[in-house]
Amino acid sequence: QQMFSTTASATHPNIVLILMDDMGFNEVPWHQHTNTQMPFLEEFVNEHALRIDTFYTMPLCSMTRSALLTGRYPSRYGLQLSVIENAYPFGLSIFEDIMTTDFKAAGYSTYMIGKWHQGFHREDMTPLRRDFDDFRGSLSPMQHYFTYEYEVENSPGYNGIDLWINDKEISPDDTDSEYLTEWEKDQFLAVMDDIVSKDPTNEQPFFMYVAMHAPHDPQEATTDCLALYQDTQCVDRAFEEWMGCEAHQIEQAQASCADAALQEMITYLQSAQDGEIWQNTLLIWMSDNGAPVWVGDNAPLRGGKKMLFEGGVRTPAFVSGGVLNEKKYGSVLDARVPMHVVDFIAFVSGGVLNEKKYGSVLDARVPMHVVDIYPTILSAAGILTNRASDSNLDGVDLWSVIQSEEEVESAVSTEREFLYNVDSNSGAYRYGPWKLVWSNAMEDDTVYWYDYYSTNPRKNDDGSINEEYSDFLQCGPIPDGVQTENTYDDEGNLLSSLPCQDEPCLFNLEEDPCEYVDLSQAEGYDNLYAYMYNMLMAYMYSQQMTLSEYYEGKIDADADPAKHDGFWKPWIRDYNALDDYEDFEDVMKEWFTQNGRSEDITSSTYYETAMQYKAKWKAQIAALDAKQSDKQAMKLINYLTLPLLIAIGVALWALLISCYRKYYAGKNHMVSTDFAQENTPLIQGKM
């Protein structure tokens with residue numbers, strides 16, 4: 001790494017965390033099957049970044065944002081289902097520490113630009129009261145890009161403007177209705193100008209959280225960005241009920257607008273103070289969840305936003321900045337097995353590896369979950385071991401894995417485990433390459449692979465199978481026999497529900513990243529299934545109450561922007577445990593106590609049972625490994641036996657020929673020799 005200008009900055013690098021909204025796995029050019037135009041990021045990522053292609057989030061935006069800021073699963077604090085909605089009195093508890101607490105204690109300046117979406121019915125829940133020094137953005141789930149308005153669904157018309165610079169309300173008149181993405185970019189540049197002018201020697205480290213709205217709906221873009229897709233063909237196909245070409249192309253234009261904004265933002269970081277700021281900066285870029293299937297592109301993954309299938313939770317991400325090891329530029333965060341090693345294993349194992357993986361980069365090697373961001377960037381900042389907050393983090397510090405080539409290899413030998421999410425009706429758990437997913441609260445009768453916006457989808461425009469199909473993860477076509485919808489009899493009675501609804505499914509994501517083949521009923525997986533199921537249950541029965549369910553229908557009329565000069569703003573006093581108003585934190589505390597819940601899953605009987613099955617699974621794997629090693633050794637011996645025998649035969653034959661030549665050459669020599677000249681005097685005397 002390069003040396004920094006001061007001791008303080010070398011110890012505490014700047015952190016810039018950029019969060020996109022609803023950007024699907026296949027909506028970035030570096031995943032190779034999209035016509036979305038993001039020329040700046042495409043080149044930048046390929047040349048100056050470490051891609052994280054196995055990055056995981058929560059299935060919805062507010063729960064991802066809470067997990068990101070706290071480093072803890074949303075099921076710990078009641079945000080594990082649905083989203084935080086305006087006019088409902090709940091959100092992220094003020095008793096949950098967020099990363100700004102630690103950054104502030106370490107001497108950082110802290111800034112936020114963009115979408116908060118963590119609740120704001122009380123002022124003590126807003127960014128300026130959660131250790132951000134400066135806030136420029138909105139508080140709501142989403143808003144219109146030119147008017148900055150948001151209306152709560154199923155409300156009596158609660159609609160208002162939501163844009164702020166600290167405590168100042170910003171209206172469209174103040175900005176000449178500037179496009180929201182460009183406004184966010186301008187605020188970023190203004191903050192950076194302020195940082196540079198106040199700290200010309202780069203001694204004061206800063207943390208900046210940039211939560212952009214794009215490309216979340218409503219689908220609105222500038223004329224220039226829309227013009228990029230005037231000649232792009234998108235054929236609406238009647239058999240794809242979710243498909244909407246026009247909306248998708250506007251969403252692509254939103255992504256292109258964001259790319260242009262990011263170009264100015266990142267270029268500023270690279271050039272400010274003659275590059276010194278960039279050399280002392282770590283930049284992380286990610287999306288908050290998969291794209292909604294009707295407008296975005298998660299190909300080739302299964303499902304989309306709101307779902308626990310990979311399309312809803314596996315999103316594009318990358319790391320960059322001068323702090324990043326330059327040897328990682330243009331590479332991917334995974335353990336790449338050299339191709340000759342893969343080929344050799346495939347040869348001696350007799351096809352143990354999936355054929356489609358031969359000679360390819362093995363997938364799912366080093367997964368990173370959104371809760372890992374907190375400990376990872378604190379580690380990069382040098383403050384993880386001296387935190388001001390005392391919360392128990394669910395995330396894992398992966399900074400050494402990101403930076404060190406050696407650590408990447410060693411990380412593969414340890415099975416990574418994490419909770420995708422859990423609520424009262426569904427959940428998913430990860431153990432190494434294995435994923436257990438239970439989605440019995442799904443809204444639709446079909447769960448499919450919505451790749452109709454991909455440049456090379458599984459089906460042609462007429463609905464026929466695309467024989468030339470390919471995808472970034474090498475999933476291949478959907479295998480025959482995979483159920484993709486509920487089936488009913490002629491009277492409408494359910495005959496067979498989709499897999500993963502009545503009972504959890506089990507997938508091997510290394511071999512099957514698109515979740516085609518459910519292994520839950522396959523022979524040999526009983527112990528693994530039981531382990532992961534009991535771990536999921538341990539989390540399910542340790543979770544906090546679900547706030548969105550408790551407050552369903554309890555909309556607060558006092559939140560109506562019409563009562564607040566047309567703006568969305570806090571409407572309830574700060575937290576107070578002593579008055580008559582019941583704050584949601586007190587509701588959670590009482591419920592948790594009454595139900596005998598504990599955050600410590602190791603105290604659960606489910607956890608104890610899980611450990612027993614884990615031991616059985618490990619013993620089963622050890623036995624299989626030993627047996628496989630014996631088989632491979634025998635195959636190797638068999639493979640080497642014939643060449644060895646041939647070599648021995650050749651050597652023996654060569655030895656015989658050599659002896660033969662020496663013997664007959666000697667006899668011929670004696671017959672033709674003059675004894676008087678050749679024999680010693682002793683022999684001559686005897687003769």
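These legends describe close-up views of a predicted model.

**View 1. Ten strands make one open sheet.**
The sheet contains 10 strands, and its pairing is mixed. The strand order is β9-β8-β5-β4-β10-β1-β11-β13-β2-β14. Which strands stand at the edges? They are β9 (168-169) and β14 (331-332). Each has a single partner strand, so one side of each is left without a neighbour in the sheet.

**View 2. Strand β5 pairs with β4 and with β8.**
β4 and β5 run parallel and share five bridges. One pair to look for is Lys115 with its bridge partner Ser138 in β5. β5 also pairs with strand β8 (residues 164-165). Here the strands run antiparallel, and two bridges join them. In this pairing, Arg136 stands opposite Ile165 of β8.

**View 3. Strand β5 is covered on both faces.**
How many of the five residues of β5 are buried? Five of the five are, so the strand is largely enclosed by the rest of the structure. In a regular strand, side chains alternate between the two faces of the sheet. On one side of β5 are Asp134, Arg136 and Ser138. On the other are Phe135 and Gly137. Both of these faces are covered.

**View 4. Thr126 sits in the loop between β4 and β5.**
The loop runs between β4 (109-115) and β5 (134-138). Is Thr126 buried or exposed? Its relative accessible area is 10%. Buried means under 20%, so Thr126 counts as buried. Beyond its neighbours within four places in sequence, Thr126 is in contact with four residues: Trp116, Phe120, Leu139 and Pro570.

**View 5. Strands β11 and β13 run antiparallel.**
Strand β11 covers residues 281-287, and strand β13 covers residues 317-320. Four bridges join them. Met286 stands opposite Ala317 in β13.

**View 6. Two helices pack on the sheet.**
Helix α2 lies across β2 (49-51), β11 and β13. Its direction makes about 60 degrees with that of β13. Helix α6 (residues 180-198) packs on the sheet too. It touches β1 (14-20), β4, β5, β8 and β10 (206-211). The direction of α6 makes about 175 degrees with that of β10.

**View 7. Helix α2 has one buried face.**
Which residues of α2 are buried? They are Phe40, Leu41, Phe44 and Val45. Seen down the helix axis, they fall within an arc of 115 degrees, so they line one face of α2. An α-helix has 3.6 residues a turn, so residues three or four places apart point the same way. The cover over the buried residues of α2 includes β2, α8, α9 (276-279), β11 and β13.

**View 8. Helix α2 crosses helix α8.**
Helix α2 spans residues 39-48, and helix α8 spans residues 245-271. Their axes come within 8 Å and cross at roughly 45 degrees. That makes α2 oblique to α8. From α2, the contact uses Pro39, Phe40, Leu41 and Phe44. From α8, it uses Asp259, Leu262, Gln263, Ile266, Thr267 and Gln270. By class, the contact has six nonpolar, three polar and one charged residues. Phe40, Leu41 and Phe44 also appear among the buried residues of α2.

**View 9. The loop between β10 and α7 holds cis peptide bonds.**
Pro215 lies in the loop between β10 and α7 (223-227). The bond leading to it from Ala214 is cis, with omega near -5 degrees. Pro218 lies in the loop between β10 and α7 as well. The peptide bond from Asp217 to Pro218 is also cis, and omega there is near 5 degrees.

**View 10. Ser82 has a positive phi.**
Ser82 is in the loop between α3 (61-70) and α4 (99-105). Its phi is positive, at about 65 degrees, although Ser82 is not a glycine. Its relative accessibility is 33%, so Ser82 counts as partly exposed.

**View 11. Asp565 has a positive phi.**
The loop between α16 (547-550) and α17 (584-594) holds Asp565. Asp565 is not a glycine, yet its phi is positive, at about 60 degrees. Is Asp565 buried or exposed? Its relative accessibility of 67% makes it exposed.

Methods:
Residues are numbered from 1 along each chain as its sequence is written. This is a predicted model: local features need pLDDT of at least 70, side-chain atom pairs count only at pLDDT 80 or more; totals for chains, interfaces and linings use all residues. Side-chain values use heavy atoms; hydrogens and water are left out. Axes are lines fitted to C-alpha atoms, for helices over the stretch in contact, and angles run from 0 to 180 degrees between N-to-C directions. Angles under 35 degrees count as roughly parallel, over 145 as roughly antiparallel, 65 to 115 as roughly perpendicular and the rest as oblique. Contact means heavy atoms within 4.5 Å. Ala, Val, Leu, Ile, Met, Phe, Trp, Tyr, Cys and Pro count as nonpolar, Asp, Glu, Lys and Arg as charged, and the others, Gly among them, as polar. Buried means under 20% relative accessible area, exposed over 50%, partly exposed in between (1.4 Å probe, protein chains only). Two strands pair if DSSP finds at least two bridges between them. The arc is that of the directions from the helix axis to the C-beta atoms.
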